[in-house]
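Me: I would like a close look at a single part of this chain, taken slowly and set against the rest of the molecule. Please connect the details rather than listing them.

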Amino acid sequence: GWLERNKDFISNDVVSLMQNSSNELIASVFVDPDCGADAPAEAGKGKGANTVATKFRNSLKELMDTIGQTNTQYVRCIKPNKNKSPQQVDGAMVLEQLRCA
């Protein structure tokens with residue numbers, strides 16, 4: 001699957017660029033001090049390797065742990081627009097869905 005195909009290391013240049021991003025969300029994703037390519041010396045080998053896939057897997061595990069600690073009855077998906085188009089958000093439509101949730 002996706003995790004097996006994406007074993008690329010995150011270069012230090014990319015990490016530095018993302019950490020200094022003006023977008024707070026992007027910067028917050030890369031606050032982990034050992035998310036660069038030269039993190040631990042043995043990071044390039046085997047299971048603990050710091051790759052895009054391991055970062056995704058760790059983030060997903062953290063999300064699932066958080067969800068597991070809640071008493072969620074259901075998860076509601078908010079549709080950003082009627083066209084199902086990326087990068088388009090119909091604010092009124094989103095607000096209406098939140099009000100009805």
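Reply: A residue is called buried here when its relative accessible area is under 20%, exposed when that area is over 50%, and partly exposed in between. By that rule, buried residues make up 17% of the 101 residues in the chain, in what is a predicted model. The chain holds five helices and zero strands, and its order along the sequence reads α-α-α-α-α. Some 8,300 Å² of the chain is exposed, 55% of which is supplied by carbon and sulfur atoms, and among contacts between residues at least 6 apart in sequence, 46% join residues at least 24 apart.

The part to examine is helix H4, which runs over residues 52–68. With 17 residues, H4 reaches 24 Å from its first C-alpha to its last, close to the 24 Å expected at 1.5 Å a residue. Within H4, Ala-53, Thr-54 and Lys-55 are buried.

Further along the helix, Lys-61 forms a salt bridge with Asp-65, with 2.9 Å between the closest N and O atoms, and a search of the whole structure finds one salt bridge. Both residues lie in H4, four residues apart, which is about one turn of the helix. An α-helix has 3.6 residues a turn, so residues three or four places apart point the same way. As for their surroundings, Lys-61 is exposed, because its relative accessible area of 52% is over the 50% cut-off, whereas Asp-65, at 37%, counts as partly exposed.

H4 also contributes to a nonpolar patch on the surface, since Leu-63 has its place in this helix and belongs to the patch formed by Phe-56, Leu-60, Leu-63, Met-64 and Ile-67. Together these residues have about 460 Å² of accessible area, and Leu-63 itself counts as partly exposed because its relative accessibility is 46%.

Beyond H4 comes the loop between H4 and helix H5 (91–100), where Lys-84 is placed. Most residues other than glycine have a negative phi. Lys-84, although not a glycine, has a positive phi of about 55°, and Gln-87, in the loop between H4 and H5, likewise has a positive phi, of about 65°, without being a glycine. Lys-84 is exposed, with a relative accessible area of 77%, and Gln-87 counts as exposed at 82%.

Note on methods: Residues are numbered from 1 along each chain as its sequence is written. This is a predicted model: local features need pLDDT of at least 70, side-chain atom pairs count only at pLDDT 80 or more; totals for chains, interfaces and linings use all residues. Side-chain values use heavy atoms; hydrogens and water are left out. Helices (H or I, at least four residues) and strands (E, at least two) are DSSP runs, numbered from the N terminus. The expected span of a helix is 1.5 Å times one less than its number of residues. Buried means under 20% relative accessible area, exposed over 50%, partly exposed in between (1.4 Å probe, protein chains only). A salt bridge is a side-chain nitrogen of Lys or Arg within 4 Å of a carboxyl oxygen of Asp or Glu. Contact means heavy atoms within 4.5 Å. Accessible areas come from the Shrake-Rupley method with a 1.4 Å probe; for residues, only the protein chains shown count as cover. Patches are made of residues with over 30% relative accessible area and no salt bridge: like charges are joined within 9 Å, nonpolar side chains (Val, Leu, Ile, Met, Phe, Trp, Tyr) within 5 Å.
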